[in-house]
Amino acid sequence: LEEAGVEVADLRAELKVRDANAGAADMLNEKDAQLRKALEAISSLEKSVEDTARLAQGRQRARDEEADVLAAEQARTMDAELARVSLQASESEQRLREQVEALRGELSDANRAKQHALDAVTD
């Protein structure tokens, strides 16, 4: 009976160790599941951050393209205005040349008339 008591005590101790090991294994499995969920959440968050960064870059590119389009439109408007002003300047220059030519003709006519008058007086 004494030997049986020792065996029972040994068996009880072994059962306690097995129960403790099973409890520890359950706790490890639970912690493992929690870690997996945390890793999944981190991966999801990283993907969200990457998506947000891509969206921000896309928005910035769109803003840059819009600014480029506006700048190009302003440049075209300025070019058109410059061409209009340049044309007006050319037309004004042409009119001034014509006026100068007309004034030279009038001056030449006046000088000839003056010469005729002087010639008439001296004759």
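**Exercise 1. State how much surface the protein chain exposes and what share of it carbon and sulfur atoms supply.**

Solution. In this predicted model, the protein chain exposes about 11200 Å². Carbon and sulfur atoms supply 58% of that area. Next, turn to burial: 0% of the 123 residues count as buried. The cut-off for buried is under 20% relative accessible area.

**Exercise 2. Determine how many helices and strands the protein chain has, and decide whether the chain is spread out or a compact globule.**

Solution. Step one is the secondary structure: the protein chain has 1 helix and 0 strands. Step two is the radius of gyration, which is 52 Å. For 123 residues the globule rule gives 14 Å, and the value for this chain is well over that, so the chain is more spread out than a compact globule. Step three is the extent of the C-alpha trace, which spans about 175 × 15 × 5 Å along its principal axes. The helix, α1, covers residues 2–122.

**Exercise 3. Find the distance between the C-alpha atoms of R84 and D68.**

Solution. Begin with R84, which is found in helix α1. R84 and D68 are 16 residues apart along the chain. Their C-alpha atoms are separated by 24 Å. As for its surroundings, R84 has a relative accessible area of 40%. That value lies between the 20% and 50% cut-offs, so R84 is partly exposed.

**Exercise 4. Count the positive and negative side chains, and give the distance between the centres of the two sets.**

Solution. The protein chain carries 18 positive side chains and 28 negative ones. The centres of these two sets lie 3 Å apart. Some of the charges pair up: the structure holds 8 salt bridges.

**Exercise 5. Describe the salt bridge of E14 and R18, and classify each residue by accessibility.**

Solution. First, the contact: the side chains of E14 and R18 meet with an N to O distance of 2.7 Å. This falls within the 4 Å limit for a salt bridge. Second, the spacing: both residues lie in helix α1, 4 residues apart, about one turn of the helix. Third, the accessibility: E14 is at 39%, so it counts as partly exposed. R18 has a relative accessible area of 53%, over the 50% cut-off, and is therefore exposed.

**Exercise 6. Work through the salt bridges of R104 with E101 and of R112 with D109 in the same way.**

Solution. Take R104 and E101 to start: their side chains meet in a salt bridge at 3.5 Å, N to O. The two residues are 3 apart in helix α1, which means that about one helical turn separates them. R104 is exposed, with a relative accessible area of 52%.

Then take R112, which forms a salt bridge with D109; the closest N and O atoms are 2.4 Å apart. R112 and D109 also lie in helix α1, 3 residues apart, about one turn of the helix. Both are partly exposed, R112 at 46% relative accessibility and D109 at 44%.

Finally, consider shared partners: K47, D51 and R54 are joined into one network by salt bridges.

Technical notes:
Residues numbered from 1 in each chain as written. Predicted model: local features only at pLDDT ≥ 70, side-chain atom pairs only at ≥ 80, totals over all residues. Heavy atoms only, no water. Buried < 20%, exposed > 50% of the residue type's maximum accessible area, 1.4 Å probe, protein only. Rg over C-alpha atoms; globule rule 2.2 N^0.38 Å. Areas by Shrake-Rupley, 256 points an atom, 1.4 Å probe, with all protein chains shown as cover. Lys, Arg positive; Asp, Glu negative; His and termini not counted. Charge placed at Lys NZ, Arg CZ, Asp CG, Glu CD.
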